[in-house]
Amino acid sequence: MRTVFRVLGALGLVLAVGAVVHVGTGYTTAEVSSDAMRPTYTPGDRVLLERTEAGSVRRGDVVLQRTAGRYGGLAVLQRVVGVGGDRVAQRPGEPVTVNGEPLSEPYVNGGDPSGPAPAYDVVVPEGRLFLLGDHRANSNDSRYFLDDRSGTVAEGAVLARALDDRSGLLGAGLTALLGFVLTLGAIVMEIVRRRKRPSGDNRPLTVTR
């Protein structure tokens with residue numbers, strides 16, 4: 001039994017440490033400082049983000065990105081509207097179209113998909129993203145950088161994406177909890193075992209001559 005408890009304790013420690021490291025390296029947070037993503041996120045909101053690799057971002061994702069030469073080097077939250085190869089177009093007051101199809105955007109502020117931006121019609125280069133804010137009337141996004149590779153940003157500029165599905169984070173939390181329980185249980189059982197161990201015979205020795 002002693003070996004079993006030690007194995008369980010070691011397993012619990014590995015699970016707990018692994019889960020904590022996974023959460024620490026795989027997730028981050030950012031505080032919203034502008035109205036550009038209203039109403040999805042408002043100033044002061046703390047957004048939970050999942051670190052991601054280039055190529056794994058999809059249309060509709062809200063991402064935290066940093067692009068040299070824009071926004072004073074600050075990281076900003078924006079929504080992915082087009083990926084490499086997409087043709088993204090819009091006329092003032094009309095919906096955004098992607099590859100000729102109107103984009104359903106129930107998340108835009110006030111139901112306004114365009115704001116005051118001029119008309120545009122661009123093809124997103126491979127390995128790049130076309131990004132818009134949800135508050136189209138108050139978002140300095142890809143529409144205002146059209147002379148720089150059609151306003152797009154490199155996929156590698158994405159630092160993380162907003163976490164809508166938290167099942168992975170919940171799983172990591174449950175794994176860490178299980179690890180702590182196993183480790184604590186092994187420690188408690190070892191303490192109990194030591195307390196139950198018979199003490200030595202402390203009776204005085206009888207010396208015969």
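Q: Hi! How much surface does the protein chain expose, and what share of it do carbon and sulfur atoms supply?
A: Hello! The protein chain exposes about 12400 Å², and 57% of that comes from carbon and sulfur atoms. Keep in mind that this is a predicted model.

Q: Thanks. And what share of the residues counts as buried?
A: The protein chain has 209 residues, and 37% of them count as buried.

Q: How many helices and strands are there?
A: The chain has two helices and 11 strands. Reading along the sequence, you meet an α element, then the run of β elements, and then an α element again at the end of the pattern.

Q: What share of the contacts joins residues at least 24 apart?
A: If you take contacts between residues at least 6 apart in sequence, 63% of them join residues at least 24 apart.

Q: Let's go inside. Which residues make up the largest nonpolar core?
A: It has 11 residues in all, including A30, V32, M37, Y41 and V47. Also in that core are L49, V62, L64, L77, A160 and A162.

Q: Which elements give two or more residues to this core?
A: Those are β2 (46–51), β3 (62–65) and β11 (158–162). Another core, of nine residues, lies apart from it, and V88, V98, V122 and F130 are among its members.

Q: Okay, on to sheets. In what order do the strands of the open sheet come?
A: The order is β7-β6-β5-β8, four strands with antiparallel pairing.

Q: Which strands stand at the edges?
A: β7 (101–102) and β8 (120–123) do. Each has a single partner strand, so one side of each is left without a neighbour in the sheet.

Q: And how many bridges join β5 to β8?
A: Four bridges join them, and the two strands run antiparallel. As an example of residues facing each other, A89 stands opposite D121 in β8.

Q: What about β5 and β6, how many bridges do they pair over?
A: Strand β5 (residues 87–90) and strand β6 (residues 97–98) pair over two bridges, in the antiparallel sense. V88 has V98 in β6 as its bridge partner, and both of these valines belong to the core of nine residues.

Q: Nice link! What sits between those two strands?
A: The hairpin of β5 and β6 has six residues between the strands, and G93 there takes a positive phi near 80°.

Q: Which residues other than glycine have a positive phi, say in the loop between β3 and β4?
A: Y71 is one of them, with phi near 55°, and Y71 is found in the loop between β3 and β4. R149 also has a positive phi, of about 55°, although it is not a glycine. The place of R149 is the loop between β9 and β10. For background, most residues other than glycine have a negative phi.

Q: Is R149 buried, exposed or partly exposed, and why?
A: R149 is partly exposed, because its relative accessible area is 48%.

Q: New topic: how many aromatic pairs does a search of the whole structure find?
A: The search finds two aromatic pairs. One of them is formed by Y71 and F145, and it is edge-to-face, at 5.8 Å centre to centre with 75° between the planes. Y71 and F145 are 74 residues apart, so to speak of where they sit: Y71 is in the loop between β3 and β4 (76–82), F145 in the loop between β9 and β10, and the pair links distant parts of the chain.Q: Why does F145 count as buried?
A: F145 counts as buried because its relative accessibility is 17%, and the cut-off for buried is under 20%.

Q: Which charged end sits over the ring of F145?
A: That is the charged end of R70, 4.3 Å from the centre of the ring. Elsewhere, R79 lies over the face of Y107, at 3.7 Å from the ring centre.

Q: Where is H135 found, and what does it touch?
A: H135 is found in the loop between β9 (128–132) and β10 (153–154). Leaving out residues up to four places away in sequence, H135 touches D35, A36, M37, R38 and N109. H135 is buried, with a relative accessible area of 15%.

Q: Last one: which peptide bond is cis around R38?
A: The bond from R38 to P39 is cis, with omega near 10°. P39 lies in the loop between β1 (27–31) and β2.

Notes:
Residues are numbered from 1 along each chain as its sequence is written. This is a predicted model: local features need pLDDT of at least 70, side-chain atom pairs count only at pLDDT 80 or more; totals for chains, interfaces and linings use all residues. Side-chain values use heavy atoms; hydrogens and water are left out. Buried means under 20% relative accessible area, exposed over 50%, partly exposed in between (1.4 Å probe, protein chains only). Contact means heavy atoms within 4.5 Å. A nonpolar core is a set of buried Ala, Val, Leu, Ile, Met, Phe, Trp, Tyr and Cys residues joined through side-chain atoms within 4.5 Å. Two strands pair if DSSP finds at least two bridges between them. Accessible areas come from the Shrake-Rupley method with a 1.4 Å probe; for residues, only the protein chains shown count as cover. Rings of Phe, Tyr and Trp (its six-membered ring) pair if their centres lie within 6.5 Å; planes under 30 degrees apart count as stacked, over 60 as edge-to-face and the rest as tilted. A charge sits over a ring if NZ of Lys or CZ of Arg is within 6 Å of the ring centre and within 35 degrees of the ring normal.
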